[in-house]
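Trainee: I have a model open and I keep tripping over the labels. Could we go through what earns each one?

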Amino acid sequence: MSAPLVYLDAATAAPLHPVARQALLAALDDGWADPARLYTQARRARQLLDAAREAAAATLGVRADELSFTPSGTTAAHSAVLGGLAGRRRAGGTLVHSAIEHSAVLHAAERHIAAGGTATSVPVDRLGRIDPATWSAAVAAPGVALAALIGASHEVGTVQPVAEAAAACAAAEVPLYVDAAQLVGRAPVPGGWSVLTASAHKWGGPPGVGLLVVRKGTRWESPWPADERESGRTPGVVNLPAVVAAAASLRAAAADAAAEAARLAPLVDRIRARVAAEVPDVEVVGDPVDRLPHLVTFSCLYVDGEALLHALDRRGFAVSSGSSCTSSTLRPSHVLEAMGVLSHGNVRVSLHRETTQAEVERFLAELPGIVAELRAEAGVVGL
């Protein structure tokens with residue numbers, strides 16, 4: 001009899017929250033009509049959309065008319081970057097971003113550069129954090145239109161000094177965009193930002209729903225062809241049942257966030273300590289203290305990351321490796337490269353509301369043997 005499957009990749013997508021499932025099923029009955037129309041079913045759909053927007057905005061502490069729903073977190077990130085740059089084209093053509101932004105932000109930066117703009121990448125230290133002084137100098141340079149900073153690393157869990165970065169941006173009169181995909185629904189988001197994005201399937205909502213928040217007074221112009229929906233910020237009809245489920249699960253996840261962080265952080269501490277002690281030639285990366293409560297990443301020398309993932313999968317463990325967003329390229333993670341840390345045999349473990357201590361203990365019990373077997377197959381012995 002095979003062992004039960006253990007899902008440890010919540011940073012990619014958390015299991016669907018029970019509240020999301022209930023809301024999704026209920027909204028399928030009432031949320032199928034076009035909320036822009038005037039007949040009875042459409043008005044009911046409009047009520048659902050308005051209620052979802054109010055709930056999500058209240059959870060984030062923003063105005064409802066500042067928040068738009070997008071088809072994904074990636075779309076929200078593209079809109080944030082390209083829209084923020086378009087709205088500030090008179091101020092300049094430079095985007096400042098950290099070297100460890102999500103690939104969606106970096107791809108938007110590439111599009112901006114291809115169109116004649118420029119970008120400044122701010123380096124990080126070995127823990128994966130920007131230096132506030134270097135950041136301040138970058139955003140204070142002439143011609144900076146927008147700054148982008150990930151709130152917390154999706155790969156190594158390090159929390160960025162968002163409040164300090166926001167203060168530097170305010171002093172330079174440069175709007176700050178924060179990719180808060182790993183924070184929203186899990187941890188408080190520092191203030192001072194002008195644009196923010198998040199992704200529902202990171203907190204246990206359904207896939208295919210992103211959040212784009214543009215604060216009042218921020219110069220932002222939609223990079224998409226004109227559309228009257230979602231205040232003109234993103235085109236097309238929203239997936240209303242999924243939006244309702246996303247908003248309901250966000251409220252539920254945020255209400256439990258502090259308790260979940262207190263439960264998961266010791267489990268992550270245990271993984272960090274045990275892996276470092278029991279697996280030879282391993283590097284646990286990211287800040288050991290100022291980090292997300294649910295995520296830990298480590299790299300094993302003399303092991304191929306893809307082979308390690310397959311071996312763990314055969315034993316019933318679902319984890320990710322390297323950059324989960326660029327794994328198909330077979331390139332080392334740009335985040336780990338920017339940090340200057342070991343990228344071979346990289347494993348990211350991210351926990352969620354259904355993760356148990358027993359599952360973590362089973363993972364820790366089996367990992368050293370799996371790594372040793374792979375090293376032996378590669379002819380590496382005696383470690």
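Mentor: Sure, we'll take the helix packing and then the empty spaces, bearing in mind that this is a predicted model.

Trainee: Why is helix 7 called roughly parallel to helix 10?

Mentor: Start with the angle: the axes of helix 7 (residues 240–278) and helix 10 (residues 357–377) cross at roughly 10° and come within 10 Å. Angles under 35 degrees count as roughly parallel, so helix 7 is roughly parallel to helix 10. As for hand, the crossing is right-handed.

Trainee: Which residues of helix 7 and helix 10 meet?

Mentor: On the helix 7 side there are Leu267, Arg270, Ile271, Arg274, Val275 and Glu278, and they meet Gln357, Val360, Glu361, Leu364, Ala365, Leu367 and Pro368 of helix 10. By class, that contact has eight nonpolar, one polar and four charged residues.

Trainee: What makes helix 8 oblique to helix 10?

Mentor: Again, check the angle. The axes of helix 8 (residues 305–314) and helix 10 come within 10 Å, but cross at roughly 130°. Roughly perpendicular covers 65 to 115, and roughly antiparallel needs over 145. The angle of roughly 130° fits neither range, so helix 8 is oblique to helix 10. This crossing is right-handed.

Trainee: How do you know how many polar or charged residues are in the contact of helix 8 with helix 10?

Mentor: Go through the names. Helix 8 brings Ala307, Leu308, Ala311 and Leu312, while helix 10 brings Phe363, Leu367, Ile370, Val371 and Leu374. Ala, Leu, Phe, Ile and Val count as nonpolar, so the tally is nine nonpolar, no polar and no charged residues.

Trainee: And helix 5 with helix 6: why is that pair called roughly parallel?

Mentor: Helix 5 (residues 132–139) and helix 6 (residues 162–172) pack at about 25°, with their axes 9 Å apart. The limit is under 35 degrees, so helix 5 counts as roughly parallel to helix 6. Pro132, Trp135, Ser136 and Val139 of helix 5 make the contact with Glu164, Ala165, Ala168, Cys169 and Ala172 of helix 6. Those residues divide into seven nonpolar, one polar and one charged.

Trainee: On to the empty spaces. What makes something a cavity and not a pocket?

Mentor: A 1.4 Å probe fits in a cavity but cannot get out, whereas a pocket is open. The structure holds two cavities of 30 Å³ or more. The largest cavity has a volume of about 230 Å³. Of the 17 residues lining the largest cavity, Gly185, Arg186, Ala253, Glu260 and Arg353 are the closest to its centre.

Trainee: Where does the second largest cavity sit, going by the elements that line it?

Mentor: The second largest cavity, about 30 Å³ in volume, is lined by Arg274, Val275, Glu278, Val279, Leu364, Leu367 and Pro368. Helix 7 and helix 10 are the elements that give two or more residues to that lining. It divides into five nonpolar, no polar and two charged residues.

Trainee: Which residues lie nearest the centre of the second largest pocket?

Mentor: Thr74, His102, Ser199, His201 and Lys202, out of 26 lining residues. The second largest pocket has about 360 Å³ of space, and helix 3 (73–87), helix 4 (103–114) and strand 7 (195–199) each give two or more residues to its lining. By class, the lining of the second largest pocket has 11 nonpolar, 12 polar and three charged residues.

Key: Residues are numbered from 1 along each chain as its sequence is written. This is a predicted model: local features need pLDDT of at least 70, side-chain atom pairs count only at pLDDT 80 or more; totals for chains, interfaces and linings use all residues. Side-chain values use heavy atoms; hydrogens and water are left out. Axes are lines fitted to C-alpha atoms, for helices over the stretch in contact, and angles run from 0 to 180 degrees between N-to-C directions. Helices (H or I, at least four residues) and strands (E, at least two) are DSSP runs, numbered from the N terminus. A crossing is left-handed if the near helix is turned anticlockwise from the far one by less than a right angle, and right-handed if clockwise. Contact means heavy atoms within 4.5 Å. On a 1 Å grid over the protein atoms alone, a cavity is a set of points where a 1.4 Å probe fits but cannot get out, and a pocket is an open set with protein on both sides within 12 Å along at least five of seven lines; lining residues have an atom within 4 Å of a point. Grid points are joined across faces, edges and corners, and a volume is the space filled by probe spheres set on the points.
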